[in-house]
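Welcome, and thanks for opening your viewer. Keep the selection box handy, and we will walk through this protein one stop at a time.

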Amino acid sequence: MKYVMVTNWENHWDNLRNNRTQYSLGMLKSGVDPSSLPESAETVFIKLKPVTKVVEKAWIGRSYNFHINRNKIEFSVEIAHPITCPDQYARFSEGWFQVSDEVNTKSELLPGFMLNLGSTKDWRTFENDLYMLLKCIGINDAYKYEQTDQRGKADGYFSFGNLSVLYDCTLESKFEKLKNVQISNFCDQLKKDKIEVKSRKITIGQHKKAVWIITKCRSSHQLDQIDDVKIKEVSVYDLVDLYIRRITSELDSEGLEEALTKIGQG
């Protein structure tokens, strides 16, 4: 059983007091039977803009602990992570819908640390979990620099096929001025024929090259390009989606290299 819950109410869905809210029975739409509510249900939560009623944000998670109180149903909300609103739900009006199990968002496939990537406020945790995410995606040649002395340095480096990337993680949403010198330094490193990683010199002369600043932005995009080095802000949520795609479809190494190379390029 899966639900879609849509509203334009303030603080929904990621800033609820005590993670609890309610719907009146009149808000129940197709398929929702108040007499047979589950203990828990995978749920797509959608926030609409108040005036235009177009989708502002969407999340995947679960609704649970349902309680009928006269003409209202109270319930708890657990957000897993933001998502791009699925096309089939983008025109849903405000209300509570039950949808087919065939529409599977695969949130049950996410390890616990991936579920926490969107909520952590600790930069060390964010950095460590990002490294594990890269490994889970299938990037075996990923290296994380020591956290003890990273002033001006990247958080890590990886290569996959013909792609070489220096990446840096940040919880800051406005980072460009703060990291401008760092990004320039990263590009200078990648322009060379070899890059030094943990006392190893790796040849990257003919590789496609990129600098990734990994953040919690909603979607990845290219910021700039210096010579042959592309500079991108990469969404952690896009990387989680790539992990899901990797384990649920026939995405081979060539396809993964293409996905990593084209991330943030529309």
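Which residues have the most contacts inside the largest nonpolar core? Select L130, L133, F158, W212, L239 and L260, and you have them. Please keep in mind throughout that this is a predicted model. The core they belong to has 33 residues.

**Stop 1: around the largest core**

Now colour the elements that build this core. At least two of its residues come from each of α1 (112–115), α2 (123–137), β8 (156–160), β9 (163–169), β12 (208–215), α4 (236–248) and α5 (253–262). Helix α4 gives the largest share, with 7 residues. In general, nonpolar side chains of soluble globular proteins tend to be buried together.

Centre the view on L130 next. Beyond its neighbours within four places in sequence, L130 is in contact with L117, C169, I214, V236 and L239. When you have seen that, look for a second core, separate from the one above, with 18 residues. Among its members are Y143, F186, L190 and I195.

**Stop 2: D129**

Return to helix α2 and pick D129. Is this aspartate buried or exposed? D129 counts as buried, because its relative accessibility is 9%, under the 20% cut-off. Leaving out residues within four places in sequence, its contacts are F113 and L117. Draw a distance between the C-alpha atoms of D129 and F113: they are 6.5 Å apart in space, with their positions 16 residues apart in sequence.

**Stop 3: the whole chain**

Zoom out for a moment. The protein chain has 5 helices and 14 strands, and its C-alpha atoms fill a box of roughly 70 × 40 × 35 Å along the principal axes. It is 266 residues in length, and 45% of them count as buried. Among contacts with a separation of 6 or more, 59% join residues 24 or more positions apart.

Switch on the surface if you like. The chain exposes about 14300 Å², of which carbon and sulfur atoms supply 44%. If you colour by charge, you will find 37 positive and 37 negative charges, whose mean positions are 4 Å apart.

**Stop 4: T7 and W96**

Go to strand β1 (residues 2–7) and select T7. T7 is buried, with a relative accessible area of 0%. Apart from neighbours within four places in sequence, T7 is in contact with H12, W13, Y23, I46, K47, L48 and E94.

Then add W96, in strand β6 (residues 95–99). How far apart are W96 and T7 in sequence and in space? They are 89 residues apart in sequence, and their C-alpha atoms are 8.9 Å apart. W96 also counts as buried, at 0% relative accessibility. Show what W96 touches beyond four places in sequence, and the list includes Y3, V4, M5, Y23, F66, I73 and F75.

**Stop 5: backbone details**

Most peptide bonds are trans, and most residues other than glycine have a negative phi. This stop collects some exceptions. Begin with the peptide bond from H12 to W13, which is cis, with omega near 10°. W13 is found in the loop between β1 and β2 (20–24).

The loop between β1 and β2 also holds N19. The phi of N19 is positive, near 55°, and N19 is not a glycine. N19 is partly exposed, with a relative accessible area of 44%.

Jump next to D227, in the loop between β13 (221–226) and β14 (229–235). D227 is another non-glycine residue with a positive phi, about 55°. At 56% relative accessibility, D227 counts as exposed.

**Stop 6: the cysteines**

Finally, show cysteine sulfurs. How many disulfides are there? The count is 0. For C85, the nearest cysteine sulfur is that of C217, 18 Å away. C85 counts as buried, at 12% relative accessibility.

Why is C136 not bonded to C169? Their sulfurs are 14 Å apart, which is too far for a bond, because a disulfide needs sulfur atoms within 2.5 Å. C169 is the closest cysteine to C136 by sulfur distance. C136 itself is partly exposed, at 33% relative accessibility.

Conventions. Residues numbered from 1 in each chain as written. Predicted model: local features only at pLDDT ≥ 70, side-chain atom pairs only at ≥ 80, totals over all residues. Heavy atoms only, no water. Core = buried A, V, L, I, M, F, W, Y, C linked by side-chain atoms within 4.5 Å. Buried < 20%, exposed > 50% of the residue type's maximum accessible area, 1.4 Å probe, protein only. Helix = DSSP H or I, 4+ residues; strand = E, 2+ residues; numbered from the N terminus. Contact = heavy atoms within 4.5 Å. Areas by Shrake-Rupley, 256 points an atom, 1.4 Å probe, with all protein chains shown as cover. Lys, Arg positive; Asp, Glu negative; His and termini not counted. Charge placed at Lys NZ, Arg CZ, Asp CG, Glu CD.
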